[in-house]
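Trainee: I would like a close look at a single strand in this model. Please take me through its surroundings step by step.

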Amino acid sequence: MMCTTCGCGEGETSIEGHHHYHGHSHPLLDYGKGVAGGQVPGLSQARMIRIEQDILAKNDGYAAANRQWLASRGITALNLVSSPGSGKTTLLTRTLHDLQEEVPMAVIEGDQQTSVDAERIRATGARAVQINTGKGCHLDAHMVGHALTSLGPEAQSLLFIENVGNLVCPASFDLGEACRVVILSVTEGEDKPLKYPDMFAAAGLMLLNKIDLLPHLSFDVERCIDYARRINPGMQVLQVSAASGTGMQAWYRWLTDIRRPVVAGVAEPVTA
Amino acid sequence: MHEISLCESVVQVIEDQALAQGFRHVRLVKLEIGRLAGVEIEAMRFGFDAVTRDTIADGASLEIIEAPGTAWCPHCQQRVEVLQRYDACPSCGHAPLELTAGDEMRIVELEVE
């Protein structure tokens, strides 16, 4: 799809259903065809060239292609980021279970190893594909592009991209999502937004999860929200418990709201 | 360690440039990294040597210009320097400030042959 000159071949990443994560090679560097197409006197002389290019330009290009691919099908993609153990997968399985009658949904699962999470997701009946990043600490837009073709999410669906549990590395990588959702559980420190500001700075929503455990903890909800807003004043915050179901209705309303304009943008489902 | 991925991205950009501008080898790579970009400069240096091995930038030196973080204070109506994303205005204490620079990650210049 969007993989014309991609630089993959790191060999560590795999997508379920693919034996290898694209072994395609880099474009051949044909040094015989220089600027003037041949033997240019002085070509071997050192020279400075200005580039002024963003380091993540490639990733951003893939992200833009993903975004266009998704928009043309009326699919709303959310990039879910958090520390390991914040309850992302539990939150997702509950969401899939509760909304499956109303909304078509699919999941891209990112983990370093195993397809345990994708299996948990598929047990709800939802379509899911696992990306194993190997040693990689985050998903990038290129991997997600491949996962999209392999998953084939339904037109007008809601696509959850569960990033690798890590509050640092995924921050810089746009995947082409409509919105980044950061999940923080109350069993973590309330100062996480200050410790990992980059992740919170680019999120549209923070879900404060496991609030059913608050009576047993000294977690200060107000302080945590204050910290989060210092980093990102416009960020919405919802308090939920994926285990008990508290607050989940507000999350479902948020999903409905974010989906509405995307679905409206595509009047007729695109046939794949 | 997303710095490894960043270094891989740098190599990709260089390889594209090699095709477009016709050079065989890179001697120097000059990057500009903002202080608020979430990049560990030391990890970047370490990653660069490892990732560039056997590429067109094998053995190239890496120069990193660290760009300061700046923000606009709506209260003082001036641009101020910040060390972290959530810093309050150093002159009036106002927060939040509007970040104006410091999260960039750019390849600025290459010395090639």
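Mentor: What follows is a walk around one strand of chain B, from its burial to its partners and the sheet they form.

The model is predicted, so a word on confidence comes before the detail. Chain B has a mean pLDDT of 93, with 99% of its residues at 70 or more. For the complex, the predictor gives an ipTM of 0.84 and a pTM of 0.84.

The strand to look at is β6 of chain B, residues 105–112. Of its eight residues, six are buried, so the strand is largely enclosed by the rest of the structure.

Next, the partners. From chain A comes strand β2, residues 47–54, which pairs with β6(B) in the antiparallel sense over six bridges. To find this pairing on the structure, look for Arg50(A), which stands opposite Glu109(B). From chain B comes strand β1, residues 26–34, which runs antiparallel to β6(B) and is joined to it by seven bridges. Here the pair to look for is Val29(B) and Leu110(B), which are bridge partners.

Val29(B) also leads on to the next strand, since its bridge partner in β2(B) is Leu62(B). The pairing of β1(B) with β2(B) is parallel and again has seven bridges.

Put in order, the strands read β2(A)-β6(B)-β1(B)-β2(B), an open sheet of four strands with mixed pairing. At the edges are β2 of chain A and β2 (61–67) of chain B; each has a single partner strand, so one side of each is left without a neighbour in the sheet. On average, neighbouring strands of this sheet are turned by 20° against each other, direction ignored.

In a regular strand, side chains alternate between the two faces of the sheet. As for what lies over this sheet, helix α1 of chain B, residues 3–21, lies across β2 of chain A together with β1 and β6 of chain B. The helix runs at about 125° to β2(A).

For a second example of burial in chain B, turn to Thr70(B), found in strand β3, residues 69–73. Its relative accessibility is 17%, and because buried means under 20%, Thr70(B) counts as buried. Leaving aside neighbours within four places in sequence, Thr70(B) is in contact with residues including Arg79(B), Val80(B), Glu81(B) and Val82(B). Leu99(B), Thr100(B) and Ala101(B) are also among its contacts.

To return to the strand you asked about: β6(B) pairs with β2 of chain A and with β1 of chain B, and six of its eight residues are buried.

Methods
Residues are numbered from 1 along each chain as its sequence is written. Chains are lettered from A and ligands numbered from 1 in the order in which they are written. This is a predicted model: local features need pLDDT of at least 70, side-chain atom pairs count only at pLDDT 80 or more; totals for chains, interfaces and linings use all residues. Side-chain values use heavy atoms; hydrogens and water are left out. Buried means under 20% relative accessible area, exposed over 50%, partly exposed in between (1.4 Å probe, protein chains only). Helices (H or I, at least four residues) and strands (E, at least two) are DSSP runs, numbered from the N terminus. Two strands pair if DSSP finds at least two bridges between them. pLDDT is the predictor's confidence in each residue, from 0 to 100. Contact means heavy atoms within 4.5 Å. Axes are lines fitted to C-alpha atoms, for helices over the stretch in contact, and angles run from 0 to 180 degrees between N-to-C directions.
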